[in-house]
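Student: Please take a close look at a single part of this model, a helix with its helical partner and the sheet beside it. I would like one connected account.

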Amino acid sequence: MKRAMRLRDKMTFLYTGLTLLAVLAFSALLYLSVQAILEQILVKNTQLALQQIIAQMEADDGALVFENEVPVSADTMYFITEANGSELASHGADITLFDALPMAPGAVRHVQGAGKTWALLDSDVIAVEGSSFRVRVATSAELNLRVLSTLRLGLLIGIPFMLLIAVVGGRLIAERSLMPIRDIIRSADRIAGGDLSARVPQTAARDELGELTATLNRMLQSVETSFIREKRFASDASHELRTPVAVMQAYAENLRAQPDATRQQKAELDTILAECRRMNKIITQLLTLTRGDEGRHPVLMETFDLREVAGGVADTLAERLSQRGMSLSIRMPEGTWLTADQSLMTELLLNLTENAVKYGRQGGHIDVAASRSGGDMVIRVADDGIGIPAEALPHIFERFYRVDDARDRSGTGLGLSIVDWIVNSHRGTVSVESEPHKGTVFQISLPAGAPEGAQASTAQAPRG
Ligand code: ADP
């Protein structure tokens, strides 16, 4: 997928584009203005030279006399002829270059000669005491052209330099002004990752971004507060339900034990007791999860032999395994040392193996294995049961999610959520592979903590 342009680059691009436009417009205006002013000066100088020459003409005994040398600049040439065309005076050798050009009094013309550009001005026929004459003046435009070419060179070097300053400056400005936004994105990422206590660093600036961060932080505070309140409510509600269920269970057991209870009453009381046990299980599991959410569930790290824990779990399940004619094998090396919370690891293995019994094949087999892989302990619980449909796999760790209520009535839909919480509280990962009617494999990877072959030791540290 094509990557969208970053805001910083967009701002730099826009800033540079606008600067380039402004610089080009300014340069063009400057160049055209200088060109027009220089042209005006050239025309004025040519006209002035012509007037000065005319002012120097006198008649002496009917003959025209050009009184003084006109103090024209080295760049100006002139040529004075009598009415009959004979030359009276001239200045500048190159003026003869224009001999072929017919006289055209009036406006200044630009002509080429001797590799230069000239401003050429011809006078009308002027009469002085009965005699008449004409003047042609040519002023070199070279100085103007040199000034303009220097200006062009200056702009050619100056424009890229200004552009470079615009790019670097624009990038720096964009970088600086977007810094608080990057902080906001980082904080939002942390919040999206589940850390509701994260806050956006407050900038000292009292600008729009300062206001935005303050507003975001206020919003996050209120979200966190209501989230904490909700978690506390779920945890309190589970806790409050414990006693009434225990009382109901005690009375039902009492009634069930009465000698005069009829068969029908006993059957009904058995149903009540089964539901009480199920409710008790839900409440206990909910308490584990809600306390975990609140960070109030202790996670006590100690180093123990996972093989022994798995052995204990297998003993607990022995009766249910034999009821279903199933077998369970534990494949773990002697002394499979793991640093984790032992009671939580017991619960994790129990939840997975109980599921393997419930959803396993009648007369099937369950395999519980663990081995070290690098610094991790990899635990595998596999069965050859009914499996999980592919569309249900992404949901099985969700709270109260059950693939199909009809598959097993005793389930709560919370067992795998607890497995997920235990794995997360140990900074581990859990994955599942399943094929309907073939079987299911749960794989858990945990940081093993203690080195292979370590002796049992206790290193207690509350976590989570
Ligand atoms: P439950 O108490 O219903 O077993 P869990 O959270 O332990 O709840 O499991 C969620 C759902 O995942 C179960 O309802 C079941 O459908 C499915 N499931 C879990 N483990 C297995 C397994 N080993 N084989 C087949 N399905 C399983």
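Tutor: Two strands count as paired if DSSP finds at least two bridges between them. The model is predicted, and the account starts at the sheet. In this model, S10 and strand S12 (residues 365-373) are joined by five bridges and run parallel. Within this part of the structure, Leu328 stands opposite Ile366 of S12. The pair belongs to an open sheet of five strands, ordered S10-S12-S13-S15-S14, in which the pairing is mixed. Strand S10 (327-331) and strand S14 (429-435) are the edge strands, each pairing on one side only. On average, neighbouring strands of this sheet are turned by 10° against each other, direction ignored.

Helix H5 lies across S10, S12 and strand S13 (376-383), and runs at about 180° to S10. H5 also packs with another helix. Two packed helices are described by the angle between their axes and the distance between the axes. For H5 (residues 306-323) and helix H6 (residues 342-358), the axes come within 9 Å and cross at roughly 40°. The crossing of H5 and H6 is right-handed.

On the H5 side, the contact is made by Leu306, Val309, Ala310, Val313, Thr316, Leu317, Arg320 and Leu321. These residues meet Gln342, Thr346, Leu349, Leu350, Thr353, Glu354 and Val357 of H6. By class, the residues of the contact between H5 and H6 comprise nine nonpolar, four polar and two charged. H5 thus has contacts with H6 and lies across three named strands, S10, S12 and S13.

Notes
Residues are numbered from 1 along each chain as its sequence is written. This is a predicted model: local features need pLDDT of at least 70, side-chain atom pairs count only at pLDDT 80 or more; totals for chains, interfaces and linings use all residues. Side-chain values use heavy atoms; hydrogens and water are left out. Axes are lines fitted to C-alpha atoms, for helices over the stretch in contact, and angles run from 0 to 180 degrees between N-to-C directions. Helices (H or I, at least four residues) and strands (E, at least two) are DSSP runs, numbered from the N terminus. A crossing is left-handed if the near helix is turned anticlockwise from the far one by less than a right angle, and right-handed if clockwise. Contact means heavy atoms within 4.5 Å. Ala, Val, Leu, Ile, Met, Phe, Trp, Tyr, Cys and Pro count as nonpolar, Asp, Glu, Lys and Arg as charged, and the others, Gly among them, as polar.
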